[in-house]
Amino acid sequence: MISLVIPTYNEADNIPNLLCKIEQVLSDIEYEVLIVDDNSTDDTVGICAQLKKSYPLVLLQPGGRPRDLSLSVIDGCLASKFDRVVVLDADLSHPPDKIILMLAQLDNNPDCFILGSRYFEGGSFDRQWSCWRFLNSYVATAMARPLVRCTDPMSGFFMLEKSRIDLSVCKPIGYKIGLEFMVRGDFRRVIEVPIGFKDRQIGESKMDLGQQFKYLRHLRRLYLVKLGGFGEFIHFGAVGTSGFVLDLVSYYGLQFLGVPHTLARAISFWPAVSWNWALNRVLTFGERTKRPKTRQWLEFVGSSLVGFAVNFGVYQHLTAEVGFFQRYHIAAFIAGIGCASLFNFAASTLFVYSNKRG
Ligand code: GDD
Ligand code: MN
């Protein structure tokens with residue numbers, strides 16, 4: 001017994017073929033197909049109404065949330081009547097005949113996550129990708145590798161017992177729901193079944209730049225889950241460090257162009273602080289509804305002015321008055337940043353995140 005969860009957006013032309021293949025493969029097994037459709041603009045509803053007559057098909061159109069592949073998969077899992085669930089794409093990229101092998105694996109290892117994998121021995125893909133797209137996928141995969149033990153963390157073809165995962169704690173964004181399940185679920189290990197990934201013949205991919213940003217945010221979240229408090233520490237450390245590097249590069253770059261060092265210090269603060277702001281906007285608070293950029297940026301700059309005053313004041317004072325810092329500007333540069341950070345930290349513990357009521 002198994003439930004098939006298939007997220008769709010404008011796949012009306014693929015659904016009939018897909019169901020036909022599935023029926024061929026699973027004819028001896030009790031199964032249901034849940035198509036989780038995000039209000040496609042094509043005739044998905046009509047086609048499914050037809051197909052319901054011949055196949056054990058349920059069409060879900062959850063709505064009430066943004067269009068999202070991962071959230072659709074969760075909706076499908078919640079609605080499925082069997083505990084065993086397999087998730088696959090509607091565009092026939094994931095070969096349904098592999099479901100049998102995956103089922104056999106799950107039968108023997110019910111506490112494992114079964115993954116259809118392109119990169120595992122015997123797997124393949126026939127993507128006619130540009131260099132750029134290939135590199136993109138390679139980097140995306142590499143970034144997820146430390147989170148899970150498998151060769152294809154990006155795969156969207158997988159099988160599991162849904163009771164092994166608390167679906168209510170899942171907070172996926174974007175495409176990589178398989179990764180979310182592997183990280184959050186209670187699985188002994190990932191078992192990979194090699195698949196031949198076929199390029200879609202009909203319709204078009206919904207993957208775009210927006211999805212790639214969502215992926216970065218999703219990854220960040222999963223790292224925080226995996227690493228706990230330490231992850232937060234690393235995250236803020238990494239954001240801070242990247243700002244520091246930018247600050248340093250602009251500081252020396254400006255001096256290289258002939259700008260006096262005090263002025264260079266005053267100017268280089270701003271790209272760095274804006275960079276940190278942008279990173280936090282995309283990553284840290286990426287899930288909240290975004291307020292207008294310019295206004296938010298101005299508010300941020302306003303609240304940074306005090307930090308700037310401390311940072312610049314310390315730099316200015318040390319390089320003007322203290323012999324050691326006159327010789328080593330970089331030491332004053334670091335001292336300024338250090339004092340401003342201490343100040344920020346003190347201000348936020350005392351005021352912003354204080355335990356006082358009200
Ligand atoms: N409900 C819903 N909502 N379904 C969606 C949405 C959405 O917003 N966006 C895409 N889908 C459906 C598509 O209709 C398709 O059935 C499936 O999700 C995959 O979408 P594609 O647009 O075909 O994705 P892809 O080919 O770029 O990505 C594939 O490769 C990845 C690995 O590289 C998918 O197989 C991914 O699952 C896989 O991780
Ligand atoms: Mn596809």
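Met 1 sits at the start of the chain, and in this predicted model its partners from further along the sequence are Ile 29, Glu 30, Phe 82 and Arg 84, leaving aside anything up to four places away. If you look for Met 1 among the secondary structure, you'll find it in the segment before strand 1, which covers residues 2-8. Now jump 279 residues along the chain to Asn 280: its C-alpha atom is 45 Å from that of Met 1.

Next, zoom out to the whole protein chain. Its residues are assigned to two stretches, domain 1 (2-227) and domain 2 (229-352). How many Å separate the centres of domain 1 and domain 2? Going by the C-alpha atoms, it's 42 Å. Across both domains and the rest of the chain, you can pick out twelve helices and nine strands.

What about overall size? The C-alpha trace spans about 85 × 50 × 40 Å along its principal axes. Here is how the radius of gyration lines up with the value for a compact globule:

| Item | Radius of gyration |
|---|---|
| Protein chain | 26 Å |
| Compact globule of 358 residues | near 21 Å |

Inside the fold, 44% of the 358 residues count as buried. Take the contacts with a separation of 6 or more: 76% of them join residues 24 or more positions apart.

On the outside, the protein chain exposes about 18800 Å², with 61% of that coming from carbon and sulfur atoms. As for charge, there are 38 positive and 34 negative side chains, and 8 Å lies between the centres of the two sets.

Definitions and conventions. Residues are numbered from 1 along each chain as its sequence is written. Chains are lettered from A and ligands numbered from 1 in the order in which they are written. This is a predicted model: local features need pLDDT of at least 70, side-chain atom pairs count only at pLDDT 80 or more; totals for chains, interfaces and linings use all residues. Side-chain values use heavy atoms; hydrogens and water are left out. Domain bounds come from an automatic or database domain assignment. Helices (H or I, at least four residues) and strands (E, at least two) are DSSP runs, numbered from the N terminus. The radius of gyration is taken over C-alpha atoms; the globule rule is 2.2 Å times the number of residues to the power 0.38. Buried means under 20% relative accessible area, exposed over 50%, partly exposed in between (1.4 Å probe, protein chains only). Contact means heavy atoms within 4.5 Å. Accessible areas come from the Shrake-Rupley method with a 1.4 Å probe; for residues, only the protein chains shown count as cover. Lys and Arg count as positive and Asp and Glu as negative; His and the chain ends are not counted. The place of a charge is taken as NZ of Lys, CZ of Arg, CG of Asp or CD of Glu.
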